[in-house]
Amino acid sequence: MKLIEICSWLDAEVPIAFQEGYDNSGLLAGDPDMEIRKAMIAFDVTESVVDEAVATECDMIISHHPLIFNPIKKLTGNNSTERTLIKVVKNGIAVYSCHTNLDIFGEGVSRKMAAKIGLHNVTVLSPLKGHLLKLVTYVPEEHIDSVRNAVFNAGAGTIGNYDMCSYNIEGTGSFRGNPDTNPFKGEKGEMHFEKEIRFETIMLAHLRNKVIKALVEAHPYEDVAYDIYRLENDYLQAGLGCVGELKKDVDEMQFLKNLSSIFKAKGIRYSKPIGKKIRKAAVCGGAGIGLLKEAIKSGADIFITADLKYHDFFNAENKILVADIGHFESEIFSGEILYELIIKKFPTFAVQFSQTNTNPINYL
Ligand SMILES: [Zn+2]
């Protein structure tokens, strides 16, 4: 399979448009036309990971953390990023990273944490903002079915567990073509009234071009009238962190022990125990303490995340138990998400997990 094929699919499947502004996800190294025979999923891309890829004849590394995060002005091997980059290029290995978009998309890192903990009734803790658009267009009655289907097939019209969502109102449109036109109905130079359907639907902002292309191709008019509105609504199916419930109450200390075994976390740091059972848990893979307010507001008994500083533990203020299980540990299952998606789409594609432990933190 060509590198471009798997990258384009990944860019759409785990929408690259969802990544945070500071991030650098996507194809970071490699000729898009190169042939990929075997890929390796890794958490970080280090020199050891590249050595492992070479030894196991993988020509692509798919990582969670991007190999290149800050701009590189020299390539002299002065630091581990530069040396790793030189090594991937020398060995003809492609690198694709799927970082904050893997955190944010609907089946992402936090959702996986919730599944491993056994949470149900899971919802997003901080839903995605500014990604929803409303599309309104006007279609002659006899063409509404084909236009609607084309727009839906391009990805518009999905709300929660429902797809093909739209609103349709009958009305009358008018138009007059100039001498250069070839009107679908009526005569050029004469005003024409046409029975039309005002068709409204919703779409994610990153699908805009695809949806509009499908609309224009399916619509019978030479010049298609459509309106796009940016919505204030949050996109509830994606975002950072999530919150859900356990099937039964668990004692605080027992729950922390369970976390230690699920995430193989050797050094969980936690705030002052509150003395109440854990029923509802909020989670955010990686550095998620910025969501503490949302976690408290959600009514969660515990917030599980990573990278907490000393003062962050004070901010729990006895309202919630806060647990730092470690950055690496909190995202330990991120590779599984990528693996499952790839195997589902390309069942015969050779993909393996890296066996290199890249956690830079050691515990006594
Ligand atoms: Zn991370």
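Contact here means heavy atoms within 4.5 Å, axes are lines fitted to C-alpha atoms, for helices over the stretch in contact, and angles run from 0 to 180 degrees between N-to-C directions. Helices (H or I, at least four residues) and strands (E, at least two) are DSSP runs, numbered from the N terminus. The model is predicted, so that local features need pLDDT of at least 70 and side-chain atom pairs count only at pLDDT 80 or more, while totals for chains, interfaces and linings use all residues. Residues are numbered from 1 along each chain as its sequence is written, and side-chain values use heavy atoms, with hydrogens and water left out.

**View A. The five-stranded sheet and two helices that lie across its strands.** The strands of this open sheet follow the order 1-4-3-2-15 with mixed pairing, where two strands pair if DSSP finds at least two bridges between them. Strand 1 (26-29) and strand 15 (350-353) are the edge strands, each pairing on one side only. Strand 3 (residues 60-63) and strand 4 (residues 94-97) pair in the parallel sense over four bridges, and Met60 stands opposite Ala94 in strand 4. Helix 1 (residues 3-13) lies across strand 1, strand 3 and strand 4, running at about 10° to strand 3, whereas helix 2 (residues 47-55) lies across strand 2 (38-42), strand 3 and strand 15, at about 155° to strand 2.

**View B. The six-stranded sheet, with helix 5 across four of its strands.** This open sheet has the order 5-10-12-13-14-11, again with mixed pairing. Strand 5 (120-128) and strand 11 (269-270) stand at the edges with a single partner strand each, so one side of each is left without a neighbour in the sheet. Strand 11 runs antiparallel to strand 14 (residues 321-324) and is joined to it by two bridges, with Arg269 opposite Asp324 in strand 14. Helix 5 lies across strand 5, strand 10, strand 12 (278-287) and strand 13 (302-306), running at about 140° to strand 12.

**View C. The crossing of helix 5 and helix 12.** The axes of helix 5 (residues 109-117) and helix 12 (residues 334-345) come within 9 Å and cross at roughly 100°, which makes helix 5 roughly perpendicular to helix 12, a term that covers angles of 65 to 115 degrees. Val109, Lys112 and Lys116 of helix 5 make the contact with Ser334, Glu336, Ile337 and Glu340 of helix 12.

Key:
Angles under 35 degrees count as roughly parallel, over 145 as roughly antiparallel, 65 to 115 as roughly perpendicular and the rest as oblique.
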